[in-house]
Amino acid sequence: MQAEENTLEKVVFETSVEIKNADGLHMRPAMQFVDVANKFECDITVSNKANSVDGKSIMQMSMLAATCGTKLKIKAEGVDAQQAINALRELVEEEHFDEPTPSEQKKR
Amino acid sequence: MEIKKGIAVSPGVAIAKSLIIDSEDYRIPQRSIKPSQRMTEIQRVRNAFKDATGELIQLEKEQGDIEQRKIKDIFAVHLRFLHDRRLRKRITDLVYSESVTAEYAVSTTMREIASHFTKVKDAYISERAADIYDIERRLLKQLLGSKREDIGHLTEEVTIVARELSPTQTAGFNKEFVKGLATDAGGRTSHTAIVARSLGIPAVVALEDLTESVRGGDTVIIDGNRGIVIVNPDSETIRQYEEYSHEFLELEHKLDAIKEKPAVTRDGVRITLLGNIEFPDEAELVLQKGGEGIGLYRTEFLYLNRESEPTEEDHYQAYAETISVFKHRPVTIRTVDLGADKYTQSKRFAPEPNPFLGLRSIRFCLQNLMMFKTQLHAILRASVLGEVKIMFPLVTNIQEMMQAKMILRDVMEDLDEESIAYNKNIQIGIMIETPSAALMASTLARDVDFFSIGTNDLIQYTLAVDRGNELVSTLYSSADPAVLRLIRTVIQDAHKAQIDLSVCGEMASEPVYIMLLIGMGVRTISLAPPMIPEIKQIVRSVTMEDCNNLVRKILGMNSERQISSFLRDATRKILPEAF
């Protein structure tokens with residue numbers, strides 16, 4: 001995680017995350033993501049190689065169709081950008097949406 | 001422009017705006033609006049989102065404490081979509097930029113999103129499409145709500161696009177405006193196909209995912225000759241099709257020219273061609289096409305297109321209207337064939353697990369005597385108006401036939417007591433459409449005046465194939481040697497007992513089977529009215545020797561494939577235009 005810019009008008013933070021839960025970013029995880037994103041004032045953009053979408057829109061997030069192992073870039077712009085990035089990274093990489101990773105799934 | 005391939009089930013070409021009917025009968029009305037109406041439509045979109053959200057929250061409350069996480073998640077996901085500003089904006093932007101209705105914009109956008117999901121390889125993700133359709137329905141329900149338009153009240157020509165059409169839905173069609181049918185499911189003998197042929201409009205079925213590619217209001221070409229549906233054709237394609245449609249009509253006119261000529265083979269054997277009808281106003285069509293009477297008058301439609309049960313007078317009026325067209329030519333009225341896929345299932349508290357083997361047709365009538373007697377009363381009363389015959393469907397054993405005849409006698413006594421005139425010598429016949437009836441034909445023949453072979457059910461029950469299930473519908477064939485053996489037995493038994501025999505199933509409307517039927521001894525054929533000229537053309541082109549030789553060869557064949565390709569080749573030589 002790094003701060004790219006820090007001027008008076010705009011705070012921009014960016015991070016890269018990897019989808020770790022086995023089933024990927026299906027409806028429920030997409031919902032969790034936009035729920036977290038909508039708690040913040042800043043604009044949130046999520047991109048994979050091909051597309052950039054609004055991290056607060058469930059339609060756009062779910063259309064990313066990110067499967068397990070997909071790398072996503074999250075960019076936040078606004079006063080609470082840093083908090084937003086922290087919270088989203090935690091949700092995707094550490095909690096992996098409260099869902100099992102492929103190795104955890106095998107153990108079951 | 002998108003081209004879809006399916007199965008052609010009713011000939012002709014239709015070019016018109018599409019009307020989509022889903023299982024809930026929603027239709028998406030006209031798509032274009034004046035630029036000045038755009039703000040109103042955008043407000044309607046916003047309201048629909050708001051109201052759908054309110055309804056969903058209410059629904060969630062009513063569900064109480066939902067234990068299941070999955071159901072909870074579905075509600076939650078739908079709510080997130082309804083709160084999604086990007087989604088709402090995408091829809092309102094479409095209303096603005098294209099000047100279209102709120103319904104059209106919702107439908108278009110949601111279908112775009114759904115088709116995006118269905119293209120994703122990951123099964124878990126592609127299943128999201130179902131959620132999107134659900135949300136589409138929620139929004140459309142708000143938009144169309146109380147003023148949900150009735151398919152019976154069309155004001156312009158349309159092509160109907162649906163997953164599958166039920167008899168109840170097709171019964172409400174206004175024939176003046178419905179120009180063609182196209183469905184995702186179905187086969188050659190599905191209900192959609194039968195209705196289309198009887199209305200004389202083109203139809204293509206088994207298009208699999210057509211409803212995902214079409215939006216209400218899109219221009220659609222239905223080519224019922226080649227089994228093709230073209231969505232949003234370009235102007236060049238439309239021009240070609242208009243020309244082609246014109247040529248097709250010319251062939252029809254050429255065939256119509258023979259309607260005054262008799263249906264006799266080249267060596268002078270007379271074949272009687274009758275029409276199968278469902279509605280009284282089709283009787284005219286039978287006459288126009290050169291039919292000599294009605295071989296099968298299906299009466300269930302009296303029950304399907306109304307809220308309450310028809311009265312005796314309703315029955316009588318419908319029969320009287322039909323009979324008046326034919327005066328002293330035969331009109332064979334089949335008693336109601338309800339049950340299975342028609343009418344009774346939707347009204348039944350506990351649907352049967354296997355309706356086609358359940359309480360349907362004559363079985364249903366024998367357990368609902370009031371209803372049955374009402375119909376018989378009306379048929380008898382109408383019997384003095386012309387040459388009316390009465391026919392019982394789906395008889396499986398001799399008791400059922402005897403019971404039905406006994407009830408008919410009871411009703412005759414009632415009429416005697418009421419001093420109402422009727423034809424005491426009315427001809428009584430049964431349909432042979434189960435393997436058991438076919439095997440027992442020699443016994444059944446002793447107590448009736450005629451047989452009519454109903455090939456659709458006979459094939460379905462003999463081959464154990466659901467004709468509407470596209471996974472197995474290719475197994476369904478009139479050319480199966482087992483089916484042909486049964487049909488031949490019935491024909492021979494009818495001849496031995498010297499009773500009349502006709503064939504009234506779909507098989508009789510298909511050019512390829514005509515020589516075979518004539519060669520096996522059939523002299524009366526009842527078929528879909530639009531097909532009468534073509535079938536007459538075949539009759540007039542063959543000799544008995546041709547037909548007998550063909551039957552001799554076919555009887556030596558053991559596989560359906562061999563028989564059907566032999567029949568196709570033989571027919572192509574007689575009537576090349578039919579292919």
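Helix 4 of chain B (helices being DSSP runs of H or I with at least four residues, strands runs of E with at least two, both numbered from the N terminus) has 18 residues and reaches 26 Å from its first C-alpha to its last. That is close to the 26 Å expected at 1.5 Å a residue, where the expected span is 1.5 Å times one less than the number of residues. This is a predicted model, in which local features need pLDDT of at least 70 and side-chain atom pairs count only at pLDDT 80 or more, while totals for chains, interfaces and linings use all residues. Residues are numbered from 1 along each chain as its sequence is written, with chains lettered from A and ligands numbered from 1 in the order in which they are written.

**Helix 4 and its neighbours**

- Among the buried residues of helix 4 of chain B are B:Ala102, B:Tyr104, B:Val106, B:Met110 and B:Ile113; buried means that 20 or more other C-beta atoms, placed from the backbone, lie within 10 Å of the residue's own, exposed means 12 or fewer, and partly exposed is in between.
- The buried residues of this helix pack against helix 2 (58–63) of chain A and, in chain B, against helix 1 (38–62), helix 3, helix 6 and helix 9 (210–213).
- The axes of helix 4 and helix 6 of chain B come within 8 Å and cross at roughly 175°; axes are lines fitted to C-alpha atoms, for helices over the stretch in contact, and angles run from 0 to 180 degrees between N-to-C directions.
- Helix 4 and helix 6 of chain B are therefore roughly antiparallel to each other (over 145 degrees; under 35 is roughly parallel, 65 to 115 roughly perpendicular and the rest oblique).
- By class, this contact has 14 nonpolar, two polar and three charged residues; Ala, Val, Leu, Ile, Met, Phe, Trp, Tyr, Cys and Pro count as nonpolar, Asp, Glu, Lys and Arg as charged, and the others, Gly among them, as polar.

**Where the chains meet**

- In all, 16 residues of chain B are in contact with 16 residues of chain A, contact meaning that C-beta atoms placed from the backbone lie within 7 Å.
- Helix 2 of chain B gives the most to the side of chain B that touches chain A, with five residues.
- That side of chain B has eight nonpolar, one polar and seven charged residues.

**Helix 21 and the cores**

- The largest nonpolar core has 94 residues; such a core is a set of buried Ala, Val, Leu, Ile, Met, Phe, Trp, Tyr and Cys residues joined through C-beta atoms within 7 Å.
- Helix 21 of chain B provides the largest share of this core, seven residues.
- Apart from it lies another core, of 53 residues, including A:Phe33 and B:Ile135.
- Helix 21 (residues 481–496) has 16 residues and reaches 22 Å, and B:Val490 is one of its buried residues.
- Not counting residues up to four places away in sequence, B:Val490 touches B:Ile432, B:Ala438, B:Ala441, B:Phe451 and B:Ile453.
- Just after helix 21, B:Gln498 takes a positive phi of about 55°.

**A spot in chain A**

- A:Phe40 lies in the loop between helix 1 (27–37) and strand 3 (43–47) of chain A.
- With 21 C-beta neighbours inside 10 Å, A:Phe40 counts as buried.
- A:Phe40 and A:Gln83 are 43 residues apart in sequence but 8.2 Å apart in space, C-alpha to C-alpha.

**Chain B overall**

- Chain B holds 25 helices and 16 strands.
- Of its 579 residues, 47% count as buried.

Conventions: Contact = placed C-beta atoms within 7 Å.
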